[in-house]
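Good morning, and thank you for joining this group meeting. I would ask you to look at the sequence and the structure together while I speak.

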Amino acid sequence: MINYSTCFDQELVLLLKDDDDAAFKEIYLRYDKLLLIYAYKKLRNREEAKDLVQDVFTWLWNSRNDFSLNTTLSGYLYKSVLNRIFDVVKHKGIIRKYVDSGKHYIEISNEDADYLIREKDIALLIEKEILAMPPGCVKSIP
């Protein structure tokens with residue numbers, strides 16, 4: 001019987017690769033709270049931090065057979081959490097951009113929207129007609 005709490009991280013990784021769920025549990029118990037604190041300090045949102053750390057551990061379990069460790073386990077897990085934090089921040093920026101651009105459309109009334117659509121259609125028709133004119137005529141248009 002293996003006492004997992006006395007194993008080094010490298011040993012736990014080897015056991016994890018052999019589908020040892022007790023080794024995974026030990027890794028989880030060693031790093032869960034530390035990674036949660038780290039993620040929370042960066043995100044300032046407890047639920048996002050918990051979800052993010054959970055995602056890292058889910059990924060670790062799901063990719064345990066292909067997992068290759070070139071550094072320390074702790075360094076790898078912290079870097080994984082940091083990369084996920086960057087993804088969350090990037091995603092929030094994209095959402096904020098769409099929300100900000102959507103505010104413009106929310107502020108437009110139905111009459112204004114109808115006018116803008118017709119104005120755009122007319123501008124396209126004018127451009128189409130200008131392009132259909134002979135080259136000599138286009139130069140004389142102000």
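I shall discuss the interior, then one helix, and finally a part of the surface.

Please bear in mind that this is a predicted model.

Let us begin with the largest nonpolar core, which has 24 residues. Which of its members touch the most other members? They are Ile-27, Phe-57, Leu-60 and Leu-77. Helices H1 (9–17), H2 (21–43), H3 (46–62) and H4 (73–107) each supply at least two residues of this core. The largest share, seven residues, comes from H2.

Leu-60 deserves a further word. Leaving aside residues up to four places away in sequence, Leu-60 touches Leu-16, Phe-24, Ile-27, Phe-67 and Leu-77. Two of these partners, Ile-27 and Leu-77, were named a moment ago among the residues that touch the most other core members.

I turn now to helix H1. Its buried residues include Asp-9, Leu-12, Val-13, Leu-15 and Leu-16. Where do they lie around the axis? They cover an arc of only 165°, and therefore they are on the same side of H1. After H1 comes Asp-19, which has a positive phi, near 65°.

Finally, let us consider the surface. Ile-122, Ile-126, Ile-130 and Met-133 make a nonpolar patch of about 320 Å². Of these, Ile-126 is found in helix H5, residues 110–132. Is Ile-126 buried or partly exposed? Its relative accessible area is 48%, and because the partly exposed class runs from 20% to 50%, Ile-126 counts as partly exposed.

Thank you for your attention.

Definitions and conventions:
Residues are numbered from 1 along each chain as its sequence is written. This is a predicted model: local features need pLDDT of at least 70, side-chain atom pairs count only at pLDDT 80 or more; totals for chains, interfaces and linings use all residues. Side-chain values use heavy atoms; hydrogens and water are left out. A nonpolar core is a set of buried Ala, Val, Leu, Ile, Met, Phe, Trp, Tyr and Cys residues joined through side-chain atoms within 4.5 Å. Buried means under 20% relative accessible area, exposed over 50%, partly exposed in between (1.4 Å probe, protein chains only). Helices (H or I, at least four residues) and strands (E, at least two) are DSSP runs, numbered from the N terminus. Contact means heavy atoms within 4.5 Å. Patches are made of residues with over 30% relative accessible area and no salt bridge: like charges are joined within 9 Å, nonpolar side chains (Val, Leu, Ile, Met, Phe, Trp, Tyr) within 5 Å. Accessible areas come from the Shrake-Rupley method with a 1.4 Å probe; for residues, only the protein chains shown count as cover. A salt bridge is a side-chain nitrogen of Lys or Arg within 4 Å of a carboxyl oxygen of Asp or Glu. The arc is that of the directions from the helix axis to the C-beta atoms.
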